Amino acid sequence: MEDELAESRATLFDKVQTNRSRVRRGVMCLIGGFLINLVAGILNSWGTFTIYITSYLHSKDSSVNLNTMFITFPVSIVFLSTGFGNFHLVVGTILYHKIGARATIAISGSFITFSYLICSFITDAYAFAVIYGMCVGFGAGCGSFTPVWPSWLYFPKRRGLATGIIMFGFGFGACIFGLAFTFLTNPNNEEADVRVKSGGQVTFLFAKHIADNVPWTLRYLAFMYGALTVAAVLLVSDPTVSRVERKTVMSSFVSAFNSVADLQKVNCPSRTVAVRTWAFWDLLLALFFTSGYGLYIINQYKNYGHKHIRNDMLLSVIGSVGYACNSFHRLMLTQLMDYFTFRQVMLANCALQIACAFTIDLVVDNPALYCIWVSVSFMCYAGGLSPFAVECGVVFGHV
Amino acid sequence: MFSMVIQGGGLSALFSIFVNEVITVKYGYAASFYVYGVFTVATAVLVLLLRERYNWQHYLSDSTKQLMHVIKQEKLENEEDTA
């Protein structure tokens with residue numbers, strides 16, 4: 001009798017220990033996921049970096065101006081769409097299934113880290129734009145969602161919270177690294193006073209002694225990204241689960257959205273059929289039109305601000321506040337979609353965006369108002385993306 | 001489907017290069033913001049035009065419809081047997 005009691009106690013103790021170890025590893029996975037998203041989030045910081053990098057490349061080749069470097073961010077977004085836009089179908093899933101979360105995160109972080117290292121030695125504007133755009137876009141796309149899957153296996157009942165913590169890092173990364181770049185490159189907060197004519201417009205760049213800090217700033221940041229990537233790789237681990245359980249969790253990402261749709265109705269049978277419907281083109285065109293403003297202002301807020309506000313650090317802070325608002329809004333929107341329809345959320349978002357787009361030129365001279373307008377614009381950018389994922393589930397029956 | 005719809009964002013990023021080269025360079029930042037303001041109005045119109053309820057039954061192939069019918073029949077027979 002006593003032997004049986006001791007045995008059951010030992011089994012219970014083992015179970016508690018296993019559970020504790022699972023929770024500990026889950027928390028480590030969340031921290032690791034947050035860290036890799038800090039690195040991936042620098043994609044959105046381009047608007048803060050661009051003036052310094054252009055100043056540096058202009059000091060090497062006087063024909064380079066802010067318009068030359070404009071292409072970098074669009075290239076990043078195109079590659080982000082390849083890595084992240086198809087995350088549950090192509091790149092993310094294939095890598096995660098084949099090599100696991102750790103290796104996928106290592107590849108993602110390495111793309112970003114090495115692109116910064118390589119770019120610190122490049123003096124050709126187009127080579128810089130292509131290498132930076134491709135590597136950062138692809139790296140951010142592959143790495144940002146990967147830690148979410150193991151976190152769902154660790155915390156099957158807290159998936160929303162786990163996703164929120166990990167994805168919050170994406171916005172926070174843009175927020176802190178934008179400021180870090182400014183502190184490292186322009187520590188004395190000097191004004192951008194080199195007038196450069198591009199087309200019919202006069203823009204401002206930094207003097208050579210500030211621009212010369214850019215290569216080392218890129219190397220310092222590469223070191224930081226490398227360190228964060230190593231930490232993320234060490235912290236994130238795949239729980240020991242069967243292949244079937246893993247597949248079930250990954251497909252539940254899709255069914256999470258499907259719950260919004262009426263599951264009783266017949267879903268869209270194939271992509272070929274979907275492409276032939278007005279709904280598909282309506283959504284694609286709506287996303288095309290709505291995301292343009294956000295993409296443009298994230299890229300140009302600082303260049304535009306420098307023409308009116310002669311305080312570099314203040315503009316970087318404005319950008320960071322905007323990135324933080326963008327990040328919080330992403331979290332908030334997922335909650336809002338439970339209470340409001342796509343039409344209500346999108347029309348509210350459009351109304352805010354229209355108001356900002358038509359009036360931003362009136363407030364740009366006032367730093368406080370400009371900060372509010374930039375923050376709301378960044379929020380609208382976030383607001384114009386997430387609802388489309390949910391709406392795809394509603395219209396087509398699957399994401 | 002979202003992975004296909006999101007390509008609209010990628011296209012928009014590419015289109016912003018055109019907006020920058022043509023509108024910002026010639027007419028300034030404010031003009032580009034106005035263009036995007038008009039784009040957002042177009043978004044609102046598209047959102048209002050979106051029909052959320054589709055009867056996908058019409059889009060199924062004949063073989064799929066037959067298969068669904070067979071499955072339904074089998075389910076009914078199973079239920080009857082259980083009863």
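Two residues are in contact here if their C-beta atoms, placed from the backbone, lie within 7 Å. The model on screen is predicted.

**Stop 1: B:V5**

Select B:V5 in chain B and show what surrounds it. Sequence neighbours within four places aside, B:V5 is in contact with A:L283, A:L284, A:L287, A:F388 and A:C392.

**Stop 2: the largest nonpolar core**

B:V5 also leads into the largest nonpolar core, which has 136 residues. Add A:Y52 and A:L283 to the selection: together with B:V5, they touch the most other members of this core. Next, colour helix α13 of chain A, residues 278-306. This helix gives the core 15 residues, the largest share. Then colour chain A by domain, 25-257 and 259-399; at least three core residues come from each of the two.

**Stop 3: where chain A meets chain B**

Now display the boundary between the chains. On the chain A side 59 residues take part, in contact with 48 residues of chain B. Which elements of chain A give two or more residues to this side? They are α4 (72-85), α12 (271-275), α13, α15 (342-363) and α17 (386-396). Keep α13(A) highlighted, as its 17 residues are the largest share of the chain A side. Colouring that side by class gives 38 nonpolar, 17 polar and four charged residues.

**Stop 4: between the domains of chain A**

Hide chain B and return to the domain assignment of chain A, with domain 1 at 25-257 and domain 2 at 259-399. The contact between them takes 31 residues from domain 1 and 28 residues from domain 2. On the domain 1 side, select α2 (46-60), α4, α8, β2 (201-205) and α11 (243-258), each of which supplies at least two residues. The largest share of this side, 11 residues, belongs to α8(A). By class, the domain 1 side divides into 18 nonpolar, 12 polar and one charged.

**Stop 5: A:N189**

From α8 of chain A (159-185), follow the chain into the loop that leads to β1 (194-198), where A:N189 is found. Check the backbone angles of A:N189: phi is positive, about 50 degrees, although the residue is not a glycine. Most residues other than glycine have a negative phi. Is A:N189 buried or exposed? A:N189 has 12 C-beta neighbours inside 10 Å and therefore counts as exposed, since the cut-off for exposed is 12 or fewer.

How values were computed
Residues are numbered from 1 along each chain as its sequence is written. Chains are lettered from A and ligands numbered from 1 in the order in which they are written. This is a predicted model: local features need pLDDT of at least 70, side-chain atom pairs count only at pLDDT 80 or more; totals for chains, interfaces and linings use all residues. A nonpolar core is a set of buried Ala, Val, Leu, Ile, Met, Phe, Trp, Tyr and Cys residues joined through C-beta atoms within 7 Å. A residue is buried if 20 or more other C-beta atoms lie within 10 Å of its own, exposed if 12 or fewer, and partly exposed in between; C-beta atoms are placed from the backbone. Helices (H or I, at least four residues) and strands (E, at least two) are DSSP runs, numbered from the N terminus. Domain bounds come from an automatic or database domain assignment. Ala, Val, Leu, Ile, Met, Phe, Trp, Tyr, Cys and Pro count as nonpolar, Asp, Glu, Lys and Arg as charged, and the others, Gly among them, as polar.
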